[in-house]
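Got the viewer open? Let's take a walk through some charged side chains, one selection at a time.

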Amino acid sequence: SVKPFVFGVAVAACVPATVAGQAVKEQKEAQVWSIPDLQTSYCVRFAIEPRAASRELRKGFRLTPASQDRGLDPALQQMIRRQPEFASWSPSELCFYFSGAVQVGSRLVAEKNARNRQMMAVWTIATQEEKSGRRQDLVLGIFSARSSLRRAAETAGVRLHEAQAGVVDSADSANDIYTIKLERTTLIWRGRPTGDSTRVERALEESWQVPGMRGGLWNVEFGYQPQWSRALVGSLTVEGKGDLAKALKASPIRFVGPLYRGGRAELRFTR
């Protein structure tokens, strides 16, 4: 069974002094980010060659090959059934989240023009702790298209890389065309939603390890409760010479979708 992700913070009424002191200590190394009005989101799912992926590993963690990933996306499952030579490659995701605002601790980050949405992208690779075997994906980069959000994150000790997002004017009215630049990688998506929308009943949960700006790692519990999902059809073009571009170009699959709409998300940072 899937344990529901509970948004918000619960505080005990009666706590022993020693436990309370420990809680105060932990509070200094904890923060919560929330996205209360998540409008749309989607992920690009692909695979990274083991030798390239191993260069990103941190001490105490190991890669999760696609053949051992219990939550492997169906598109990647089908890929390794047809091409078993890629079973040892590591699943990776690049997920995009679009919203009107992001709450970074006590600071609400939003643009004066409501049409200028916040965009946050997170690139992860499947890893797990060596001792416990617990799944905790390594974040290879978090990106934002808004300087205000990058500054707020930096104050909170989390680095967000610069990104740019835009819509391309085209005579092809059948598809939407978007360009997103993440440092030295440019993604061009030509596609559209298809089929009926489906109500999402259960929250999506992930556990990440995020490098801190001044060393060490943040442990992040990410919970997202979208309202609706819908399939996407289209094509993804990758340009550039950045690490992300190289990984995407080398992957035997680049699957985009589904598209999620509505709901909210929360990121709990601790260390």
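Start by selecting arginine 45 and glutamate 93: their side chains meet in a salt bridge, with 2.6 Å from N to O. Keep in mind that you're looking at a predicted model. Now show the cartoon as well. Arginine 45 sits in strand E2 (residues 38-48) and glutamate 93 in strand E4 (residues 90-99), so this pair ties together parts that are 48 residues apart in sequence.

Switch on a surface next. Is arginine 45 buried or exposed? Arginine 45 has a relative accessible area of 10%, and because the cut-off for buried is under 20%, the residue counts as buried.

Next stop: pick aspartate 137 and arginine 135. Here, too, the side chains form a salt bridge, this one at 2.4 Å, N to O. Colour the two by accessibility and you'll see aspartate 137 at 7% relative accessibility, which is buried, while arginine 135 is partly exposed at 35%.

Then jump to glutamate 266 and arginine 268. Their side chains are joined by a salt bridge of 2.8 Å, again N to O. Glutamate 266 is buried, at 5% relative accessibility, whereas arginine 268 comes out as partly exposed at 26%.

Before you close the session, go back to the starting pair and add Asp73 to the selection. Arg45, Asp73 and Glu93 are linked into one network by salt bridges that share partners.

How many salt bridges does the structure hold? There are 7, including the ones you've just visited: arginine 45 with glutamate 93, aspartate 137 with arginine 135, and glutamate 266 with arginine 268.

Technical notes. Residues are numbered from 1 along each chain as its sequence is written. This is a predicted model: local features need pLDDT of at least 70, side-chain atom pairs count only at pLDDT 80 or more; totals for chains, interfaces and linings use all residues. Side-chain values use heavy atoms; hydrogens and water are left out. A salt bridge is a side-chain nitrogen of Lys or Arg within 4 Å of a carboxyl oxygen of Asp or Glu. Helices (H or I, at least four residues) and strands (E, at least two) are DSSP runs, numbered from the N terminus. Buried means under 20% relative accessible area, exposed over 50%, partly exposed in between (1.4 Å probe, protein chains only).
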